[in-house]
Amino acid sequence: MDEAAVKEEHYASSTSENHKTTCWGCGLQLVLETYSPVFKCGWCGAITDQCKTLRKPDSVCFSWWRRVRDRLFVTILIFFMLFVISAGVWGVYPVVFAISKSFGIVHCLLTIFLSIITISTFCLASFSSAGAPANIPWGSYPVVGKDGLENYTFCVYCSKPKPPRAHHCRSCRMCVLDMDHHCPFIGNCVGSANHRYFITFLIAVVVGCTYVFLMTLYAGFHVWPPLQYGNLTLSGSSTASAISVLKEIVAAVASSALLLSARGLVLIYLAFASLSVEIGIAVLLWQQLYWIYEGNTYINQITSQNTPRREAGCHNLLRFFGCPHSIFRVFLGSGNSGKSQDRSSTKLL
Ligand SMILES: [Zn+2]
Ligand SMILES: [Zn+2]
Ligand SMILES: [Zn+2]
């Protein structure tokens, strides 16, 4: 950032060997001592990156393919969630209600609660805006006041100012505040406005999958056909004897598995599917929570080495999960989301 600080104070200097250029933010003509593709306006604070103005808009095919891919993933995910819920009801309910009616009612209420939380947070993360920047005046002095566009850059795709810590998403075709990443599975960006829904959805999936796994194991144990042993003998203590006993047990389980009913097969599938989804989503959730704790986002982590970070700590997690009118938000003066905009940050310099 030292180099950036040197670069930025070139506004209206009066050297003979100068390079004239115009600030995109306030329209003032700037005079740079030396040519620099990236510079910051001393009046409005906007950052100009002349390399980025050369970028071309995305082709129609590119945008079309990303839209189709996102909608396909969202549809598959909705059907998968509905399948798990209905298969779970069909596979587990008869077993649980046969054991105890009150146990069945508790299980019924829990599945309704988990299903509603999972599907509603998925829909909120998927179909709500990820956090579009507010429209602010730009392009002419004195409409843009002193420091009016501090650390703003210009988005060549949207043709309007891009706030610090915002990124342009080529799939959503818009700039997103505090963008974390574009998630094809929700068909939307994860940004300041829906990040909390996304995290709640991940938590709901992990809790829901754990419950499905445990209940399918429990029901599977009850519907599993009784094991038929051949000549199982537990006499002797040698390794060979232990191996033969193990073989006998495996053979008994395999032969009884052949007698499994359709309900038993569905329960086994659900147990494996829920366990794999749970492990995958738990890793993603842990990674997300770690970045929130660090005061960073995934996209900042991979695209910008010099972006100033918030101080890492539990206060980041508290602020992220705080209610909209909590004391935290009042003191931190955050915007319309779970995370605040850091106006002192600059992505390009
Ligand atoms: Zn300017
Ligand atoms: Zn944009
Ligand atoms: Zn996006």
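Me: How many residues does α6 have, and how far does it reach from its first C-alpha to its last?

Reply: In this predicted model, α6 has 33 residues and reaches 48 Å from its first C-alpha to its last. That is close to the 48 Å expected at 1.5 Å a residue.

Me: Which residues of α6 are buried?

Reply: They are Val-266, Leu-267, Leu-270, Ala-271, Ser-274, Gln-288 and Ile-292.

Me: And what do those buried residues pack against?

Reply: They pack against α2, α4 and α8, the last of these covering residues 314–321.

Me: What about Phe-272: buried or exposed, and why?

Reply: Phe-272, which has its place in helix α6, is exposed because 12 other C-beta atoms lie within 10 Å, and a residue with 12 or fewer counts as exposed.

Me: How far apart are Phe-272 and Phe-213?

Reply: In sequence, 59 residues separate Phe-272 from Phe-213; in space, the C-alpha to C-alpha distance is 7.7 Å.

Me: What comes just after α6?

Reply: Gly-295 is found there, with a positive phi of about 75°.

Me: Changing topic, where does UniProt place the feature "transmembrane region"?

Reply: The unreviewed UniProt entry gives residues 72–92, 104–127, 197–221 and 267–286.

Me: What does the model show over residues 267–286?

Reply: That span is 100% helix and 0% strand, with its end C-alpha atoms 28 Å apart. Residues 197–221 are likewise 100% helix and 0% strand, and their end C-alpha atoms lie 36 Å apart.

Me: Now the interior. Which residues touch the most other members of the largest nonpolar core?

Reply: Val-176, Cys-189, Phe-198 and Phe-201 do, in a core of 38 residues. At least two residues each come from α2, α3, β7, β8, β10, α4 and α6. The most come from α4, which gives eleven.

Me: Which residues is Val-176 in contact with, leaving aside its neighbours within four places in sequence?

Reply: Val-176 is in contact with Ala-130, Gly-131, Ala-166, His-167, Cys-169, Cys-189 and Gly-191. Apart from the largest core lies another, of 14 residues, including Cys-23, Leu-30, Trp-43 and Leu-149.

Me: Finally, the whole chain: how many helices and strands are there?

Reply: The chain has nine helices and ten strands. Of its 349 residues, 30% are buried.

Me: What share of the contacts between residues at least 6 apart in sequence join residues at least 24 apart?

Reply: The share is 64%.

Note on methods:
Residues are numbered from 1 along each chain as its sequence is written. Chains are lettered from A and ligands numbered from 1 in the order in which they are written. This is a predicted model: local features need pLDDT of at least 70, side-chain atom pairs count only at pLDDT 80 or more; totals for chains, interfaces and linings use all residues. A nonpolar core is a set of buried Ala, Val, Leu, Ile, Met, Phe, Trp, Tyr and Cys residues joined through C-beta atoms within 7 Å. A residue is buried if 20 or more other C-beta atoms lie within 10 Å of its own, exposed if 12 or fewer, and partly exposed in between; C-beta atoms are placed from the backbone. Helices (H or I, at least four residues) and strands (E, at least two) are DSSP runs, numbered from the N terminus. Two residues are in contact if their C-beta atoms, placed from the backbone, lie within 7 Å. UniProt positions are given in the numbering used here, feature names are shortened, and annotations may be inferred rather than shown by experiment. The expected span of a helix is 1.5 Å times one less than its number of residues.
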